[in-house]
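User: I've got a model open here and would like to talk through a few of its features. Can we take them one at a time?

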Amino acid sequence: MKSTAATVVSYIAEQPNEWQPTLKKLRAACRRHLRNYTESMAYGMASYDRHGQTEVAFAKQARYLSLYILKQPVFDAHRSQLAGLSLGKGCIRYRRPDQIDWNVVSSLLADTWASDDVIC
């Protein structure tokens, strides 16, 4: 079900209790690494925009947490570090919070911030 939350804080608050600490940590990482981005809710997801375009987003789905890294060269550069996870075009799906390698997430976010590539 797509969220109708108006803010990322309220979005996280409506998620299952066992996922809230992970979502708060992910939000903090996004805010730390994506300096000068605008945080908002778009399409029922937490979104981080620069120059009017979403470059990073995340959403808690029924069976997993999706993290979207929308600069394809950044995503592809980290693909080997994401082995064993369910991947889509720019999407990483985590079934459990303990699957998240926070060093890789930090690197993805920092590289997104540094990248001048267009989104996919």
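User: Which residues in H4 are buried?

Analyst: A word on the source: this is a predicted model, where local features need pLDDT of at least 70, side-chain atom pairs count only at pLDDT 80 or more, and totals for chains, interfaces and linings use all residues. Residues are numbered from 1 along each chain as its sequence is written, and side-chain values use heavy atoms, with hydrogens and water left out. Helices (H or I, at least four residues) and strands (E, at least two) are DSSP runs, numbered from the N terminus; buried means under 20% relative accessible area, exposed over 50% and partly exposed in between, with a 1.4 Å probe and protein chains only. On that footing, the buried ones in H4 are Val 104, Val 105, Leu 108, Leu 109 and Thr 112.

User: And how wide an arc do they cover around the axis?

Analyst: The arc is taken from the directions from the helix axis to the C-beta atoms. The buried set sits on the same side of H4, because the arc is only 135 degrees.

User: Which residues are exposed on the other side of H4?

Analyst: Turn the helix, which runs over residues 102–114, away from its buried side. The exposed residues there are Asn 103 and Ala 114.

User: What is the geometry of the one aromatic pair, stacked or edge-to-face?

Analyst: Rings of Phe, Tyr and Trp (its six-membered ring) pair if their centres lie within 6.5 Å; planes under 30 degrees apart count as stacked, over 60 as edge-to-face, and the rest as tilted. The structure holds one such pair. For Tyr 48 and Phe 58 the centres are 6.3 Å apart and the planes at 25 degrees, so the pair is stacked.

User: Which strands does that pair tie together?

Analyst: Both Tyr 48 and Phe 58 are buried. They are 10 residues apart in sequence, and since Tyr 48 and Phe 58 lie in different strands, the pair ties together E2 and E3.

User: Where is Ser 115, and which residues is it in contact with beyond its neighbours in sequence?

Analyst: Ser 115 comes in the segment after H4, and its 9% relative accessibility is why it counts as buried. Contact means heavy atoms within 4.5 Å. Leaving aside neighbours within four places in sequence, Ser 115 touches Arg 50, Lys 71 and Val 74.

How values were computed
The expected span of a helix is 1.5 Å times one less than its number of residues.
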